[in-house]
Protein chains: 2
Amino acid sequence: MVHYFPVENLKFKLTIAYDGTAYQGWQVQKIGTGVQEKIEQALAKLYPSVKRIHSSSRTDTGVHALGMVAHVEIPRAEFKFADARLALALNAFLPDDIRVLAAVRVPAAFHARFDAIGKQYRYYVWNHHAMNPLLYQRAWHFPVRLDPKLMRAAARLMVGRHDFKSFAGTREYEMKSNVRTLTRCDLRKHGHLYTFTIEGDGFLYKMCRGIVGTLVQVGQGKIPLSEVATILTSRDRRVAGMTAPACGLVLQEVYYPSRKRPSLTGEKTPVPDEDSPA
Amino acid sequence: MVHYFPVENLKFKLTIAYDGTAYQGWQVQKIGTGVQEKIEQALAKLYPSVKRIHSSSRTDTGVHALGMVAHVEIPRAEFKFADARLALALNAFLPDDIRVLAAVRVPAAFHARFDAIGKQYRYYVWNHHAMNPLLYQRAWHFPVRLDPKLMRAAARLMVGRHDFKSFAGTREYEMKSNVRTLTRCDLRKHGHLYTFTIEGDGFLYKMCRGIVGTLVQVGQGKIPLSEVATILTSRDRRVAGMTAPACGLVLQEVYYPSRKRPSLTGEKTPVPDEDSPA
């Protein structure tokens, strides 16, 4: 049976940016504070009946985001703003290290996690004997000289459909299948800064950091390029390189199927920046 | 008379980066802490007889640097390292928000301030309703939409030899001449981030921030483009736009004449990064 009555709840897609330095990751934690908790507290200030937001994914302690996505339902009867003002109202109750970049109304069927078809992460490495103080806690300081050619060649081997078990942390409940498809894995160099871009249909726990840690050890000469293909096929975490530290990682964007639907708000879906530094 | 004896002091050129958020600017202050003081304290740990470093310039409270230059003299008899290790040794005594990027030996005649022939500043503006939390204290959050075409046209008018009194703060002892030559004044846009690059043979007090504040008000439509030439020729601070906040400004590089001289250390003069984000 199809309901033609107005739905009781309005659903919003939130695009969220945060500096993860001060948080125990995204998820609500028993010890320490999660980013999710801060956003739920801000929502509760506006809508006491709203208890939960549902995110596309989690991030670990110290990991940053410029394009985390979550959805939230707000009872239509309680909603007090023009849609475009919801982000501003939430930001008024959030600390400076968490910002809602956009809040757009989405159809009732939208689900931030189940509808996501891919994600893009960035990873920043500062490769100089002295750290750039303006990137402190925002990039991995790696003082030993890296060879970009070796890292690029190794990165190309990651692209495609592979079992990424060799690069993932162990988390039993995510162990059903370790096969994921990376559509992009490359790096750019600007002076001493390396920016890795990793894009795929899904990511295992700590997979990005395992890939970057391995690529960096290839660039350092510690892991021969010729071994990377073997590491991929061995499906054994012990054979790959180190796990890169959390502070260099940024969840840049979460992808959803583009829908040809009439805009409910007149506001366009936000397009995260291609080149914003983190 | 030319001395062929070894000089008593070794002179080093230090290239210094800092996050200016926690400091009352570069200079040693009566109230609050200057960046200079922190570096002098670190030097004193290694060489108690070394009291002062001499910088190319000062920066105001909250202004950052990636390429501040200072020179220091260390008695040859006391010097304990291979030259290349001086930066590492200093960094061991410095807080994380100040780093010596390079320390290279220079001829006794080198003077960080008097030999400087030009400087490059960068200014970062984040132009979106919500601030990017990864650029908090590193960019000016300007929430009103800016027109890059208007700002670019106004920026072009700044290039060349002008009396910049309209854009400078008042400081009597720098008021002998307000004529400076800008060799570059432009902006790039990456997503919501604007990066202004301003390069010239010298800068009046708060001149960069006066120029950026004016350009931004042009971009906002508050100051007509047609008025910018008039502002420049009026030599009156009251007619130009606002002073942009300190947190968006980075001293990117200080230029010196290139010398064809044999390297004393085998270490190359550091080349600051063209594209490092701040």
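Select helix α4 of chain A and colour its buried residues: A:M207, A:C208, A:R209, A:G210, A:I211, A:V212, A:G213, A:T214, A:L215, A:V216, A:V218 and A:G219. Keep in mind throughout the tour that this is a predicted model. With twelve of its 13 residues buried, α4(A) is mostly covered. The helix covers residues 207-219 and reaches 18 Å from its first C-alpha to its last, close to the 18 Å expected at 1.5 Å a residue.

Next, show what surrounds this helix. The buried residues of α4(A) pack against β5 (118-126), α3 (148-158), β8 (179-190), β9 (193-200), α5 (228-234) and β10 (249-255) of chain A. After the helix, pick A:G221, which follows α4(A) and has a positive phi, near 90°.

**Chain A as a whole**

Now select chain A, in which you can trace five helices and ten strands. Of the 278 residues in this chain, 42% are buried. If contacts in chain A are limited to residues at least 6 apart in sequence, 73% of them join residues at least 24 apart.

Colour chain A by its domain assignment, which gives domain 1 as 9-115 and domain 2 as 118-251. The C-alpha centres of these two domains of chain A lie 28 Å apart. Where they touch, domain 1 of chain A contributes twelve residues and domain 2 of chain A contributes eight. On the domain 1 side of this contact in chain A, the residues divide into four nonpolar, seven polar and one charged.

**Between the chains**

Show both chains together and select the contact between them, where 33 residues of chain B meet 33 residues of chain A. On the chain B side, the elements that give two or more residues are β1 (9-18), β3 (64-75), α2 (86-93) and β4 (98-106). Which of these elements gives the most to the side of chain B that touches chain A? It is β4(B), with four residues. By residue type, the side of chain B that touches chain A divides into 16 nonpolar, nine polar and eight charged.

**Strand β3 of chain B**

Stay in chain B and select β3(B), which is largely enclosed by the rest of the structure because nine of its twelve residues are buried. Along one pairing, β3(B) runs antiparallel to β1(B), joined by nine bridges, and here B:L14 stands opposite B:A70. In another pairing, strand β2 of chain B (residues 54-55) runs antiparallel to β3(B) with two bridges, and B:S55 also stands opposite B:A70, so that centring the view on B:A70 of β3(B), within a strand that is largely enclosed, lets you look at both partners.

Then follow β3(B) to strand β10 of chain B (residues 249-255), to which two bridges join it in the parallel sense. For a marker of this pairing, select B:A65, whose bridge partner in β10(B) is B:L251.

**Strand β5 of chain B**

From β10(B), move to β5(B), residues 118-126, a strand largely enclosed by the rest of the structure because eight of its nine residues are buried. The pairing of β5(B) with β10(B) is antiparallel over six bridges, and B:Q120 has B:E253 as its bridge partner there. Strand β9 of chain B (residues 193-200) is joined to β5(B) by eight bridges, again antiparallel, and in that pairing B:Y123 is matched with B:F196. Strand β6 of chain B (residues 140-141) runs parallel to β5(B), with two bridges; here the bridge partner of B:W126 is B:H141.

Centre the view on B:Y123, which touches B:F196, B:I198, B:C208, B:V212, B:A244, B:G248 and B:L249, not counting residues up to four places away in sequence. The largest nonpolar core has 156 residues, and among these A:I16, A:Y123, B:I16 and B:Y123 touch the most other members. In soluble globular proteins, nonpolar side chains tend to be buried together.

**A last stop: B:I211**

Finally, select B:I211, which lies in helix α4 (residues 207-220) of chain B. Is B:I211 buried or exposed? B:I211 is buried, because 30 other C-beta atoms lie within 10 Å, where 20 or more are needed for a residue to count as buried. Leaving aside residues up to four places away in sequence, B:I211 touches B:M158, B:F167, B:C185 and B:I198. To end, draw a distance from the C-alpha of B:I211 to that of B:L232, which is 21 residues away along the chain, and find a separation of 10 Å.

Key
Residues are numbered from 1 along each chain as its sequence is written. Chains are lettered from A and ligands numbered from 1 in the order in which they are written. This is a predicted model: local features need pLDDT of at least 70, side-chain atom pairs count only at pLDDT 80 or more; totals for chains, interfaces and linings use all residues. Domain bounds come from an automatic or database domain assignment. Two residues are in contact if their C-beta atoms, placed from the backbone, lie within 7 Å. Ala, Val, Leu, Ile, Met, Phe, Trp, Tyr, Cys and Pro count as nonpolar, Asp, Glu, Lys and Arg as charged, and the others, Gly among them, as polar. A nonpolar core is a set of buried Ala, Val, Leu, Ile, Met, Phe, Trp, Tyr and Cys residues joined through C-beta atoms within 7 Å. The expected span of a helix is 1.5 Å times one less than its number of residues. Two strands pair if DSSP finds at least two bridges between them.
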